[in-house]
Amino acid sequence: ALTGLYSLGRDAVGCSVQASPLLGCWGRWPVAPSLEVGFSAAGLAGLLPGAPKQQAWPVAALSLSDATGRHNLRLGSLSRDLTPEPSAAEEFLKLPLRSSKTSIGYHFIQESKPSADAGQRVALAAEASGLLGDVSVARLETSWSRWGQLLGGGSWHLAAGLGLVAPLIGRSGAERSTTPWEERFFLGGATGQGPGERFPGFAPLGLGPSAQRKVTAEANAAAAAASAPRKLMRLSRDNAE
């Protein structure tokens, strides 16, 4: 199966090819394996202020899912590149701009039918990386939502999410590794990077602490050029008076 996706809320595009052979079952537990290879990129259009350009290639993963689709075990590997803006903060430039990651993760999801007037959705994702590559982190993300009908008409909806990430001890064992930018959580937006990052009413990546950007010589020159006509206009008005 060939899949392509573009997310306006995340300013991201992705393409993947997935192969899933029809096999029997292992014992009494039916398992459906699948192999996926793809490419993803984000921040190309610059729709999210402060978000760098991201590229991940190749994205290769082997997944095992049960017959219900609720449980999924995934082993994946990828290489990532970040392209920061010229005015990026010093704290951002200290992060790994190029990283490789191999991880194993578990995903669980249980939700009501989309046509149900009342129901709930529970999702859990746990991931650990560090066997291969230079990324050693543990991530946990969970979300819960419930909806129903009001007595006088209309509907109600409640949702909650939580995301945690912690760097693990590197292969040398001397110190913990630095958490890459792609592994961190950012609040904001109706879609977010994941269920635990959604916060409607704020722009994507727009909620939480932020570092002050450095001002480059090019930015100073552009600001001076933009303000020059205003200064000339003020001088001409003063002379006329």
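# Notebook: strands, hairpins and salt bridges

I began with strands E8 and E9, which form a hairpin with three residues between them. The model I am reading is a predicted one, and I kept that in mind for each entry below.

**Entry on the hairpins.** I looked up how E8 and E9 run beside each other, and found that strand E8 (residues 119-133) and strand E9 (residues 137-149) pair in the antiparallel sense over 10 bridges. As one position to look at in this pairing, I noted Ala-126, whose bridge partner in E9 is Leu-140. I then followed E9 to its other partner, strand E10 (residues 155-167), with which E9 pairs in the antiparallel sense over 13 bridges. Here I noted that Ser-143 stands opposite Gly-161 in E10. E9 and E10 also form a hairpin, with five residues between them, and in that turn I found Gly-153 with a positive phi of about 105 degrees.

**Entry on the whole chain.** I stepped back to see where these strands belong, and I counted two helices and 10 strands in the chain. Read along the sequence, the order of elements is β-β-β-β-β-β-α-β-β-β-β-α. I looked up burial next and found that, of the 241 residues in the chain, 27% are buried. Among contacts with a separation of 6 or more, 48% are between residues 24 or more positions apart. For the surface, I recorded about 15800 Å² exposed by the chain, with carbon and sulfur atoms supplying 61% of it.

**Entry on the salt bridges.** I asked myself how many salt bridges the chain has. The count comes to seven. As background I reminded myself that side chains of opposite charge can pair when their charged atoms come close.

One of the pairs I looked up is Glu-36 with Arg-74, where the closest N and O atoms of the salt bridge are 3.3 Å apart. Glu-36 lies in strand E4 (residues 29-42) and Arg-74 in strand E6, so this pair ties together parts that are 38 residues apart in sequence. I checked how covered each partner is: Glu-36 has a relative accessible area of 19% and is therefore buried, since the limit for buried is under 20%, whereas Arg-74, at 27% relative accessibility, counts as partly exposed.

I turned next to Glu-183, whose side chain meets that of Arg-80 in a salt bridge of 2.7 Å, N to O. This pair links distant parts of the chain, with Glu-183 in the loop between E10 and helix H2 (217-240) and Arg-80 in strand E6, 103 residues apart. Both Glu-183 and Arg-80 are buried.

Glu-183 also meets the side chain of Lys-101 in a salt bridge, this time at 2.9 Å, N to O. Again the pair links distant parts of the chain, for Lys-101 is in strand E7 (residues 98-111) and Glu-183 is in the loop between E10 and H2, 82 residues apart. Lys-101 and Glu-183 are both buried.

Which residues are linked in a network of salt bridges? I found Arg-80, Lys-101, Glu-127, Arg-139 and Glu-183 linked in this way.

**Entry on Arg-74.** I went back to Arg-74 in strand E6 to list its surroundings. Leaving out residues up to four places away in sequence, Arg-74 touches Glu-36, Val-59, Ala-61, Leu-62, Ser-63, Ser-103, Ile-104 and Gly-105. For Gly-105 I also noted the spacing: Arg-74 and Gly-105 are 31 residues apart in sequence, and their C-alpha atoms are 5.2 Å apart in space.

**Entry on Asn-72.** In strand E6 (residues 71-83) I also looked up Asn-72, and asked whether it is buried or exposed. Asn-72 is buried, because its relative accessible area is 17% and the limit is under 20%. Its side chain is joined to that of Ser-65 by a polar contact of 2.6 Å. Apart from neighbours within four places in sequence, Asn-72 is in contact with Ser-63, Leu-64, Ser-65, Gly-105, Tyr-106 and His-107.

**Entry on a surface patch.** Last, I looked at the outside of the model, where Tyr-6, Leu-8, Val-13, Leu-44 and Leu-47 make a nonpolar surface patch of about 490 Å². I picked out Val-13, which is in strand E2 (residues 12-19) and, at 36% relative accessibility, counts as partly exposed.

Notes: Residues are numbered from 1 along each chain as its sequence is written. This is a predicted model: local features need pLDDT of at least 70, side-chain atom pairs count only at pLDDT 80 or more; totals for chains, interfaces and linings use all residues. Side-chain values use heavy atoms; hydrogens and water are left out. Helices (H or I, at least four residues) and strands (E, at least two) are DSSP runs, numbered from the N terminus. Buried means under 20% relative accessible area, exposed over 50%, partly exposed in between (1.4 Å probe, protein chains only). A polar contact is a pair of N or O atoms within 3.5 Å; within protein, one must be able to donate a hydrogen and the other to accept it, and residues adjacent in sequence count only if both atoms are side-chain atoms. Contact means heavy atoms within 4.5 Å. Patches are made of residues with over 30% relative accessible area and no salt bridge: like charges are joined within 9 Å, nonpolar side chains (Val, Leu, Ile, Met, Phe, Trp, Tyr) within 5 Å. Accessible areas come from the Shrake-Rupley method with a 1.4 Å probe; for residues, only the protein chains shown count as cover. A salt bridge is a side-chain nitrogen of Lys or Arg within 4 Å of a carboxyl oxygen of Asp or Glu. Two strands pair if DSSP finds at least two bridges between them.
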